[in-house]
Amino acid sequence: NINNYKDEPIQYGRQFRIRFDINKSCYYIKDCSNGSGYGSFMKIINQMKIKDKTLINIGGNYLAFSFGTNDYEQLDDEANEKENENESILTIIVFSGESNNISYVFNQNQTNKIYIGKNENCNIVLNDDFLDDFHCTVEYKNKLGWVINDGYNNKKSEAGTWFGLSEERKIVEGMIIQSNQNIYECHITE
């Protein structure tokens with residue numbers, strides 16, 4: 001549906017929705033799988049800011065990011081605001097693969113860069129043939145907070161790092177979307 005929409009019940013099989021904003025003259029995409037599939041992700045080209053409850057897909061693994069806690073669970077609004085006040089502590093929980101439900105806690109004062117991949121020198125080592133030795137990098141940047149980059153030393157990973165589309169994002173030319181094991185490249189024509 002490419003019209004403006006109101007939040008509507010999720011239907012079986014729907015992975016994402018696209019809407020056109022008449023006022024801004026652009027398209028937006030948002031995941032709406034609600035756990036009924038693999039979800040929808042965009043390929044990271046440039047660094048992306050990590051927000052609380054961000055979900056990343058690399059190879060056969062899903063990484064859930066949260067701030068100030070080592071439990072990835074639903075928090076009420078008041079607790080959620082309190083957690084977001086302290087973004088210096090980052091928890092990454094790995095789902096899938098051999099490292100299922102393992103939590104890693106990092107403090108920006110102790111760890112400025114976090115390397116994730118299959119190399120034994122990474123901070124998070126994942127045994128996955130679809131990952132590069134150093135697949136992606138998470139780092140804390142003053143004024144920005146935690147950000148994620150695909151690859152290592154300006155070299156992109158082979159299979160890509162995929163950022164969950166739980167929040168609506170503007171579709172840009174060349175954007176690559178992964179949804180339910182399908183990959184789409186976006187092209188915008190006048």
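Threonine 111 is a good place to start: this residue is found in the loop between strands S8 and S9. Everything described here comes from a predicted model. At 17% relative accessibility, Thr111 counts as buried, because the cut-off for that word is under 20% relative accessible area. Leaving aside neighbours within four places in sequence, Thr111 is in contact with Phe106, Asn123 and Trp146.

**The nonpolar core**

Trp146 leads us straight to the largest nonpolar core, where it is listed with Leu63, Phe65, Ile116, Val138 and Ile148 as touching the most other members of a set of 31 residues. Several strands give two or more residues to this core: S5 (55–58), S6 (61–67), S7 (89–95), S8 (102–107), S9, S11 and S12.

What does leucine 63 touch, once its neighbours within four places in sequence are left aside? Its contacts include Thr54, Leu55, Ile56 and Ile58, and also Ile92, Ile93 and Val94. Ile116 and Leu126 are in contact with Leu63 as well.

**A five-stranded sheet**

S9, S11 and S12 turn up again in an open sheet of five strands, ordered S4-S12-S11-S9-S10, with mixed pairing. At the edges stand S4 (48–49) and S10 (124–125); each has a single partner strand, so one side of each is left without a neighbour in the sheet. S4 runs antiparallel to S12, and two bridges join them. Methionine 48 has isoleucine 148 in S12 as its bridge partner, and Ile148 is also one of the core residues named above.

**Two loops beside this sheet**

Leucine 144 has its place in the loop between S11 and S12. Is Leu144 buried, partly exposed or exposed? With a relative accessible area of 37%, Leu144 is partly exposed, because that class lies between the 20% and 50% cut-offs. Leu144 and Met48 are 96 residues apart in sequence, yet their C-alpha atoms are 9.9 Å apart in space. Beyond its neighbours within four places in sequence, Leu144 is in contact with Gln47 and Lys49.

Phenylalanine 130 sits in the loop between S10 and S11. With a relative accessible area of 60%, Phe130 is exposed. Its C-alpha atom is separated by 8.1 Å from that of glutamate 158, which is 28 residues away along the chain. If neighbours within four places in sequence are set aside, Phe130 is in contact with Gly59, His135 and Ala159.

**A pocket**

The second largest pocket has a volume of about 230 Å³. Its lining is made of 15 residues, and Asn149, Gly151, Tyr152, Asn153 and Asn154 lie nearest its centre. Strands S9 (113–117), S11 (136–141) and S12 (145–150) each give two or more residues to that lining. By class, the lining has three nonpolar, seven polar and five charged residues.

**A three-stranded sheet**

Now to another part of the chain. Three strands form an open sheet in the order S1-S2-S14, with antiparallel pairing. S1 and S14 (169–170) stand at its edges with a single partner strand each, so one side of each is left without a neighbour in the sheet.

S1 covers residues 16–21, and its two faces differ in cover: Arg17, Arg19 and Asp21 make up the covered face, whereas Phe16, Ile18 and Phe20 make up the uncovered one. Two residues of the uncovered face can be matched with partners in S2: Phe16 has aspartate 31 as its bridge partner, and Ile18 stands opposite isoleucine 29. Four residues lie between S1 and S2 in their hairpin, where serine 25 takes a positive phi near 55 degrees.

**Strands S3, S15 and S16**

S15 pairs with two strands that we have yet to meet. Serine 40 stands opposite serine 179 in S15, and isoleucine 176 stands opposite glutamate 185 in S16. S15 and S16 form a hairpin with two residues between them, and asparagine 180 in the turn has a positive phi of about 50 degrees.

Here are some antiparallel pairs with their bridges:

| Pair | Residues | Bridges |
|---|---|---|
| S1 and S2 | 16–21 and 26–31 | six |
| S3 and S15 | 40–43 and 176–179 | three |
| S15 and S16 | 176–179 and 182–185 | four |

Notes
Residues are numbered from 1 along each chain as its sequence is written. This is a predicted model: local features need pLDDT of at least 70, side-chain atom pairs count only at pLDDT 80 or more; totals for chains, interfaces and linings use all residues. Side-chain values use heavy atoms; hydrogens and water are left out. On a 1 Å grid over the protein atoms alone, a cavity is a set of points where a 1.4 Å probe fits but cannot get out, and a pocket is an open set with protein on both sides within 12 Å along at least five of seven lines; lining residues have an atom within 4 Å of a point. Grid points are joined across faces, edges and corners, and a volume is the space filled by probe spheres set on the points. Ala, Val, Leu, Ile, Met, Phe, Trp, Tyr, Cys and Pro count as nonpolar, Asp, Glu, Lys and Arg as charged, and the others, Gly among them, as polar. Buried means under 20% relative accessible area, exposed over 50%, partly exposed in between (1.4 Å probe, protein chains only). Two strands pair if DSSP finds at least two bridges between them. Contact means heavy atoms within 4.5 Å. A nonpolar core is a set of buried Ala, Val, Leu, Ile, Met, Phe, Trp, Tyr and Cys residues joined through side-chain atoms within 4.5 Å.
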